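User: Please take a close look at a single part of this model, the interface between its two chains, and describe how it is built.

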Number of protein chains: 2
Amino acid sequence: MKSEYVNPFVEATVETYDTMVGVRPQRDGKLCRKAGIFAAYDLVGVLGLSGKVCGAVIMTTSVETGMKVVSSFLGEEVEATSPDLLDGFGELLNIVAGSAAAKLNGLNIKLALPTVIMGKEQRLTGKENSPWIVIPMAFPEWGKFNIEISMEEK
Amino acid sequence: MKSEYVNPFVEATVETYDTMVGVRPQRDGKLCRKAGIFAAYDLVGVLGLSGKVCGAVIMTTSVETGMKVVSSFLGEEVEATSPDLLDGFGELLNIVAGSAAAKLNGLNIKLALPTVIMGKEQRLTGKENSPWIVIPMAFPEWGKFNIEISMEEK
């Protein structure tokens, strides 16, 4: 994946949270490439990307941080057992991905449906020839999250 | 989601497993619509769909069944801790989705990257106005799995 695809996702993430949730996340350490099996947080949103690319973007955080984020986004407290937690997190991912796609308009990216999975001890894989680019980020008071991107031009 | 979109996914699943894995899965009970929070098996493959639709298809099974399936697909035993389990399961989902997309060629479906998540106590949500269509299926000797589809025309 080309490195110039990273910044549009970072900018889209910061702008989306700033505008929609009223909080400004920051980069939290160096980005890294992950292949093989690696761990995710307990809340994992996946959104497929197609068009001139074949890819996906993941947004993942702890249930605790996700509850703070989505409660602020929706303007009402969400419980860990509420569908609103997953639906709200998926909607935020959808806005982030739509904003990043607009910044990468030469790639004509089409968004699939966001799918959010909540579980324990969750793991993903990346392929050696097409690893995930993991961007560690954090909210000032709510905790850490990652944006993870895998995207190849067709 | 239109009901005529279901059968192409069922046919694609049967044909893919028959051809690529040498086993012929069957329907295992009535399909159902799921909204709200619902459980998935421990191995969940997600593949985003776009084009004239916005959607996703999920293939989900137990780790035990997934190991049997992927071992037969790859022609070598895979362990529960191997990236090959997740990568092989994702590749099978990719073939299923590609075959279903070809059968639904009027929809011009574009596939995103398959993403496979392995975990425990995994849950998903569906929206009331756009539920997942869950198709319970089973391998003759290996156990149960589901194909789950959510797809709306744009």
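Analyst: What follows goes from the symmetry of the pair to the contact surface and then to the strands.

This is a predicted model, in which local features need pLDDT of at least 70 and side-chain atom pairs count only at pLDDT 80 or more, while totals for chains, interfaces and linings use all residues. Residues are numbered from 1 along each chain as its sequence is written, chains are lettered from A and ligands numbered from 1 in the order in which they are written, and side-chain values use heavy atoms, with hydrogens and water left out.

A turn of 180 degrees with a shift of 0.0 Å along the axis lays chain A on chain B with an RMSD of 0.0 Å (a least-squares superposition on the C-alpha atoms of residues with pLDDT of at least 70 in both). The two copies are thus related as by a two-fold rotation axis. The same surface serves both copies, since 100% of the contact residues of chain A recur in chain B, contact meaning heavy atoms within 4.5 Å.

Chain A gives 35 residues to the contact and chain B gives 35 residues. About 2900 Å² is buried between chain A and chain B, with carbon and sulfur atoms giving 63% of that area (the accessible area, for a 1.4 Å probe, that two parts lose on being put together, summed over both). Of the area that chain A buries against chain B, 19% is supplied by L113(A), I117(A) and R123(A), more than by any other three residues.

Two salt bridges are counted between chain A and chain B (a side-chain nitrogen of Lys or Arg within 4 Å of a carboxyl oxygen of Asp or Glu). In a salt bridge between the chains, the side chain of K120(A) meets that of E121(B) at 3.1 Å, N to O. On the side of chain A that touches chain B, the largest share, 11 residues, comes from β7(A), strands being DSSP runs of E with at least two residues, numbered from the N terminus. The residues of this side of chain A divide into 17 nonpolar, 11 polar and seven charged (Ala, Val, Leu, Ile, Met, Phe, Trp, Tyr, Cys and Pro count as nonpolar, Asp, Glu, Lys and Arg as charged, and the others, Gly among them, as polar).

β7(A) also pairs with strand β7 (residues 115–126) of chain B, in the antiparallel sense over three bridges, where pairing requires that DSSP finds at least two bridges between two strands. Within this pairing K120(A) stands opposite K120(B) in β7(B).

Notes:
Helix = DSSP H or I, 4+ residues; strand = E, 2+ residues; numbered from the N terminus.
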